[in-house]
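User: I'm new to reading structures. Can you walk me through a few features, step by step?

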Amino acid sequence: MIKIETIDNQKKLDIFVKKLAHERAFVFNTETTGLDPFTIKLLGVSFCFEDGEAYYLPCPKSEILNLKLIFENPKIKKYGHDLKYDFEVLYENGIKLSGIDFDTMLAAYLLNPGARNYKLDDLVLAKLGEKIIPIEKLTGESRKKISLGEVSAEKIAAYSGERSEATWRLVGILRGELRETGLEKVFEKIEIPLAPVLAKMEIDGVKIDAALLLKYADRAEKRLAEISKKIFKLSKEKFNLDSPIQLRQVLFEKMKISTAGLGRGKTGISTAAEELLKLKGAHPVIDLILEYRELSKLRSTYLLALPKMVSPVTGRIHTSFNQAVTVTGRLSSSSPNLQNIPVGGEIAEVIRRAFVAPRGFKILAADYSHIDLRVVASLADDKNMIKAFRAGTDIHRETASQIWGIPLKKVTPEIRGAAKTINFGVTYGMGPRALALSAGITLEEAKQFIAKYFTVYDGVRNFLEETRQKARDQGYVETLFGRRRYLPEIYSPVPQIVAEAERMAINMPVQGTAADIIKIAMVKIAAGLPKISPSSKMILQVHDELVFEVAEREAEKVAQFVRKTMEGAVKLKVPLVAAVEIGENWGEMEKYKI
DNA sequence: AGACTCACG
DNA sequence: ACGTACGTGAGTCTC
């Protein structure tokens, strides 16, 4: 049993503040009435800086401000579990957390990014062999769950104090494991400094023109009704167009449209767009269905959903940038996902136009050009591919020219297209079959093409083979900076599983190194941006792109700074190139020329 | 809860 | 004989 002291009077608080100010490091853990940092209330904070002992400070009012100087002192190290969340809670309570030094969730993620689940309870059980009080013990089970706000301070103190104390002991264990696995650098140089950067992006959010989206939702609705009518006329039956099962029945059983050459899923013939495209021309209903699908998707996922996500408190959209989800080291975004906003269509453009800058500001977007392929060239140390990138022209044309041994001028769009597909496919471990399918060539042609590709880019071929071998030898692969992905499936007796694992083995160092690079750039930009333009904000990250809301008068300065910082984030064997665009919104942007 | 489909890099 | 590119999150239907 650990000792938990509740700080429930001024005298105790004075003593505690003095004591805490003299610690070199402590764990803290905020308790709140919910999960959304903008609507929840802070209930209390627990602390631990010694094995077996914890403190709980109930602070419904402003007691927390007594600790402001300590929380904001970068010299006093802060430990915790998912500190991005605590950062946001404190920020909403007037405290700018500084000195983040260890996050047990991020450590557990780096140690095994395939785990999917990094709940403190599970971590404590796995690493300490102890069971801690589950939240349900306080709030009850799913249906009749109550908020922590309705739970007594005594119970929360026991619950929270125990968590802080367990976190404290986890820090020692996880720090050792990070050191043993060489993950210390990625942890200290990338993930830990990134956490408060992401927190700030989530807090700031993005401005949306909700009225514009809803106007188009209405138009989409009307168009969908028209399309449905036409489809039902052709099928001579009304049915739910959103149901793949009903659609399959109508198309293939009632209307007897040929299913030859169509792929199937677990439940029957697939009606995915990819399959329906094969039926284009077979029946006029196909085009209508494709149009219905596209419009319906955009309406429900973006036009209707985004306006619902506007915070009543800030009037903006606050996504979550998840730092411990993907197996490759990328971020993910949810509630809403702002990393899959449509691009390149009529309605897609409308949706992007709804991501607006406030008065006096502009949207600035900067994206890395071909970062994945540049990473391949660098990791593989491939002389020809490096040469192609140093030439600084169109990489796919360079590739086509090198592979077919023809001058750049003679590269046709078709040849360039095939080169583009394979350049792209290399980062996924693509085989001849997939190449043939996506480049629209025969299997034989694809095989020849790949053979030629690897003759010219023999460094790439060696890199791919070495990466597979490494996965087999070590059971894991890693990025340039040492981020790991374990691949136990590489030892499967089933050849198909092994092949899948090999493709993952090839993709992870590429995708992961690119993720490392943009994360490093984000940390550097976040550190430097306030000096360049205090009112400008980094608001989104979309894997190879960063989006900012910048003060109009400082847009040029920011453009220069962002581009330089992204391009200089790390030193590869090829130059990194970032292109900047500026506009009133995310849909209408113009290239920023140096 | 799982399947299907589809939006992004 | 077949299926074949990596990584995500969300809306909808179905059970």
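Analyst: Sure! Start with residue classes: Ala, Val, Leu, Ile, Met, Phe, Trp, Tyr, Cys and Pro count as nonpolar, Asp, Glu, Lys and Arg as charged, and the others, Gly among them, as polar. Keep in mind that this is a predicted model.

User: How do the residues of the surface near DNA strand C divide into those classes?

Analyst: That surface has 22 polar, 11 nonpolar and five charged residues.

User: And which residues come nearest to DNA strand C?

Analyst: Out of 38 residues around the strand, they are Ser-243, Ser-300, Ser-332, Gly-425 and Ser-438. Two or more residues each come from helix 10 (244–254), helix 12 (284–303), strand 8 (332–334), helix 18 (413–426), helix 19 (432–439) and helix 22 (495–532). Helix 22 gives the largest share, seven residues.

User: Let's pick one residue. Where is Gln-246 found?

Analyst: Gln-246 sits in helix 10. To judge exposure, you count C-beta atoms within 10 Å: 20 or more means buried, 12 or fewer means exposed, and in between is partly exposed. Gln-246 has 14 such neighbours, so it counts as partly exposed. Beyond its neighbours within four places in sequence, Gln-246 is in contact with Phe-239 and Asn-240.

User: Now the big picture: what domains does chain A have?

Analyst: The domain assignment gives domain 1 (3–181), domain 2 (210–308), domain 3 (326–341 + 351–370 + 515–591) and domain 4 (372–511). The C-alpha centres of domain 1 and domain 4 are 45 Å apart. Their contact takes five residues from domain 1 and four residues from domain 4. On the domain 1 side, those are two nonpolar, three polar and no charged residues.

Notes. Residues are numbered from 1 along each chain as its sequence is written. Chains are lettered from A and ligands numbered from 1 in the order in which they are written. This is a predicted model: local features need pLDDT of at least 70, side-chain atom pairs count only at pLDDT 80 or more; totals for chains, interfaces and linings use all residues. A residue is near a molecule or strand if its C-beta atom, placed from the backbone, lies within 6 Å of it. Helices (H or I, at least four residues) and strands (E, at least two) are DSSP runs, numbered from the N terminus. Domain bounds come from an automatic or database domain assignment. Two residues are in contact if their C-beta atoms, placed from the backbone, lie within 7 Å.
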